Amino acid sequence: MTAAPATKGLIQLRDVRKSFGGTEVLKGIDLTVEPGEVVAILGPSGSGKSTLLRTINHLEKVDGGTIAVDGELVGYAVRGGRLHELREHEILRQRTHIGMVFQNFNLFPHLTALENIVEAPVYAQKKDKAQARERGLELLRRVGLEDRADAYPRQLSGGQQQRVAIARALALDPKVVLFDEPTSALDPELVGEVLDVIRALASSGTTLVIVTHEMGFARDVADRVVFMDEGRVVEQGTPTQIFGDPRHERTRTFLSKVI
Ligand code: ADP
Ligand code: MG
């Protein structure tokens with residue numbers, strides 16, 4: 001851990017390193033995401049994409065480097081010129097600024113769609129219950145599911161569950177929403193409805209970081225594409241540059257296999 005905090009951009013990663021059992025899976029990641037930017041992260045399986053997203057909301061603790069969200073170091077505070085680990089409640093507070101959408105939706109099975117959405121605002125943020133429900137219904141409208149508020153996850157299709165998960169991620173008014181392969185677990189005919197919701201979010205100015213294998217979507221929606229391989233950012237650029245004129249052989253090989 002270095003003492004120099006990194007605070008530029010909405011999200012800033014500086015030399016982020018992470019190992020599992022002696023194997024380094026993030027080998028010094030530098031990445032900046034500006035407010036309102038939509039960043040797509042591409043890369044082969046095992047390249048560290050999920051681990052990278054998980055470090056941003058401190059679901060994984062880094063072994064080296066720093067991560068800052070909106071000027072605040074994630075998991076650490078600078079006191080007396082040194083880095084100190086935050087306590088659990090402070091980490092939970094930081095996490096409310098970061099929405100996360102997982103591949104497998106991760107909805108609470110025993111709660112309805114609306115209850116899934118209001119859970120965190122009411123119990124973590126102590127928001128007024130009636131107001132949280134009102135806002136939850138508004139979010140369900142936004143993802144096209146206002147008529148399914150009282151449905152349980154098992155009564156919803158995968159696409160609908162993922163749209164509820166997106167509404168849930170938005171319920172805390174996060175500064176950024178992280179998506180980890182949000183459509184990978186879906187039947188092909190359900191992918192479009194989820195991508196449409198993410199596309200609408202992107203054009204509303206929400207800052208998004210999206211790990212995806214949907215190349216057409218990344219090309220259309222992302223402001224910037226980041227290609228990762230073996231725990232490193234190999235290259236990044238506009239979709240036009242990365243898809244049209246990749247500089248690195250590894251990027252070219254990867255794209256030739258997936259497109
Ligand atoms: P990606 O999302 O790009 O497929 P991951 O971040 O999931 O890659 O994984 C990167 C590497 O780290 C892989 O080799 C994976 O097996 C390993 N890994 C991820 N999470 C853990 C963990 N909790 N324990 C041990 N190894 C892990
Ligand atoms: Mg992954």
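A residue is buried if 20 or more other C-beta atoms lie within 10 Å of its own, exposed if 12 or fewer, and partly exposed in between. The model discussed here is predicted.

Q: Is Lys-126 buried or exposed?
A: Lys-126 sits in the loop between H3 and H4. Its phi is near 55 degrees, a positive value in a residue other than glycine. Within 10 Å there are 9 other C-beta atoms. Because the limit for an exposed residue is 12 or fewer, Lys-126 is exposed.

Q: Is Asp-173 buried or exposed?
A: Asp-173 belongs to the loop between H5 and strand S9 (176-180). Here too a residue other than glycine has a positive phi, near 50 degrees. The count of other C-beta atoms within 10 Å is 12. Since 12 or fewer is the condition for exposure, Asp-173 is exposed.

Q: Which residue is separated from Ser-204 by 8.6 Å between C-alpha atoms?
A: Ser-204 is in the loop between helix H6 (188-203) and strand S10 (207-211). With 9 other C-beta atoms within 10 Å, Ser-204 is exposed. The partner in question is 168 residues away along the chain, and it is Gly-36.

Q: With which residues is Ala-124 in contact, leaving aside its neighbours within four places in sequence?
A: Ala-124 lies in helix H3 and is partly exposed, because 13 other C-beta atoms lie within 10 Å. The C-alpha atoms of Ala-124 and Leu-92 are 8.5 Å apart, with their positions 32 residues apart along the chain. For a contact, the C-beta atoms must lie within 7 Å. The residues in contact with Ala-124 are Leu-92 and Thr-96.

Q: How far apart are the end C-alpha atoms of helix H4?
A: Helix H4 covers residues 129-142, which makes 14 residues. At 1.5 Å a residue, H4 should span 20 Å. The model agrees with this, since the end C-alpha atoms of H4 are apart by 20 Å.

Q: Within what arc do the buried residues of H4 fall?
A: The buried residues of H4 are Ala-132, Gly-136, Leu-139 and Leu-140. Seen down the axis of H4, they line one face of the helix, because they fall within an arc of 100 degrees.

Q: Which exposed residues are carried by the face of H4 turned away from its buried side?
A: The buried side of H4 is covered by elements that include helix H3 (113-124) and helix H5 (158-170). The face turned away from that side carries Ala-130, Gln-131 and Glu-134.

Q: How many of the 13 residues of H5 are buried?
A: At 1.5 Å a residue, H5 should span 18 Å, and its end C-alpha atoms, 19 Å apart, agree with that. The buried residues of H5 include Gly-159, Arg-163, Val-164, Arg-168 and Leu-170. They pack against strand S8 (98-101), H3, H4, S9 and H6. H5 is largely enclosed by the rest of the structure, because its buried residues number twelve.

Q: What is the C-alpha separation of Val-164 and Gly-144?
A: Val-164 is found in helix H5 and counts as buried, with 27 C-beta neighbours inside 10 Å. Its contacts beyond four places in sequence are Leu-107, Ala-113, Asn-116, Ile-117, Leu-145 and Leu-156. Gly-144 comes just after H4 and takes a positive phi of about 75 degrees. Val-164 and Gly-144 are 20 residues apart along the chain, and their C-alpha atoms are separated by 9.4 Å.

Q: Which helix gives the largest share of the shell around ligand 1?
A: The residues around ligand 1 are Phe-20, Val-25, Gly-43, Ser-45, Gly-46, Ser-47, Gly-48, Lys-49, Ser-50 and Thr-51. By type, the shell divides into two nonpolar, seven polar and one charged. The largest share, three residues, comes from helix H1 (residues 49-56).

Q: How far apart are the end C-alpha atoms of residues 11-255?
A: The UniProt record, an unreviewed entry, gives the annotation "domain: ABC transporter" for residues 11-255. Over this range the chain is 37% helix and 28% strand. Its end C-alpha atoms are apart by 26 Å.

Note on methods:
Residues are numbered from 1 along each chain as its sequence is written. Chains are lettered from A and ligands numbered from 1 in the order in which they are written. This is a predicted model: local features need pLDDT of at least 70, side-chain atom pairs count only at pLDDT 80 or more; totals for chains, interfaces and linings use all residues. Helices (H or I, at least four residues) and strands (E, at least two) are DSSP runs, numbered from the N terminus. The expected span of a helix is 1.5 Å times one less than its number of residues. The arc is that of the directions from the helix axis to the C-beta atoms. Two residues are in contact if their C-beta atoms, placed from the backbone, lie within 7 Å. A residue is near a molecule or strand if its C-beta atom, placed from the backbone, lies within 6 Å of it. Ala, Val, Leu, Ile, Met, Phe, Trp, Tyr, Cys and Pro count as nonpolar, Asp, Glu, Lys and Arg as charged, and the others, Gly among them, as polar. UniProt positions are given in the numbering used here, feature names are shortened, and annotations may be inferred rather than shown by experiment.
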